[in-house]
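Here's a quick walk through a small set of computed features. Have the sequence and the 3D view open as you read.

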Amino acid sequence: MASPSNEESSEAGRNPHGSGAAGLSLAATRCALCGAQDAATEAHGYDFEYNTTKNPFRFVRCLRCGHVYLNPRPSASDLGVIYPANYY
């Protein structure tokens, strides 16, 4: 379930950090608890603390069970980008 970058997402607006950070490979996902694909956006924004990526993050709430999760989410290979060595 690959998804294109949401770097230019109108929901999150413009990245306040500019485009100096790396872009992530993002993947659309289903709810990890119930497997549903139907979800509504709860919140969205950028990494304001570490500025690790130019992509916005989008939290969604599953319409079936209420679980909140990232969708699309970073690929496992990009976890080192969003969690740098100085991450606490």
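## Y87 and its patch

Y87 sits in the segment that follows α1, the helix spanning 79-82. Keep in mind that this is a predicted model. Is Y87 buried, exposed or partly exposed? Its relative accessible area comes to 41%, and because buried means under 20% and exposed means over 50%, Y87 counts as partly exposed.

Y87 doesn't act alone on the surface: together with L79 and Y83, Y87 makes a nonpolar patch of about 300 Å².

## The overall layout

Zooming out, the protein chain has five strands and one helix. Follow the sequence along and you get β-β-β-β-β-α.

As for contacts, take those between residues at least 6 apart in sequence: 68% of them join residues at least 24 apart.

## Inside and outside

What share of the protein chain's 88 residues is buried? The figure is 30%. On the outside, the protein chain exposes about 5500 Å², with carbon and sulfur atoms supplying 51% of that area.

Now for the interior. The largest nonpolar core is built from five residues, namely C31, A36, V60, C62 and Y69. If you want a spot to click on, try A36: leaving aside residues up to four places away in sequence, A36 touches C31, C62 and Y69, along with R30 and R64. C31, C62 and Y69 are also members of that core, whereas R30 and R64 are arginines that A36 touches as well.

Technical notes
Residues are numbered from 1 along each chain as its sequence is written. This is a predicted model: local features need pLDDT of at least 70, side-chain atom pairs count only at pLDDT 80 or more; totals for chains, interfaces and linings use all residues. Side-chain values use heavy atoms; hydrogens and water are left out. Patches are made of residues with over 30% relative accessible area and no salt bridge: like charges are joined within 9 Å, nonpolar side chains (Val, Leu, Ile, Met, Phe, Trp, Tyr) within 5 Å. Accessible areas come from the Shrake-Rupley method with a 1.4 Å probe; for residues, only the protein chains shown count as cover. A salt bridge is a side-chain nitrogen of Lys or Arg within 4 Å of a carboxyl oxygen of Asp or Glu. Helices (H or I, at least four residues) and strands (E, at least two) are DSSP runs, numbered from the N terminus. Buried means under 20% relative accessible area, exposed over 50%, partly exposed in between (1.4 Å probe, protein chains only). Contact means heavy atoms within 4.5 Å. A nonpolar core is a set of buried Ala, Val, Leu, Ile, Met, Phe, Trp, Tyr and Cys residues joined through side-chain atoms within 4.5 Å.
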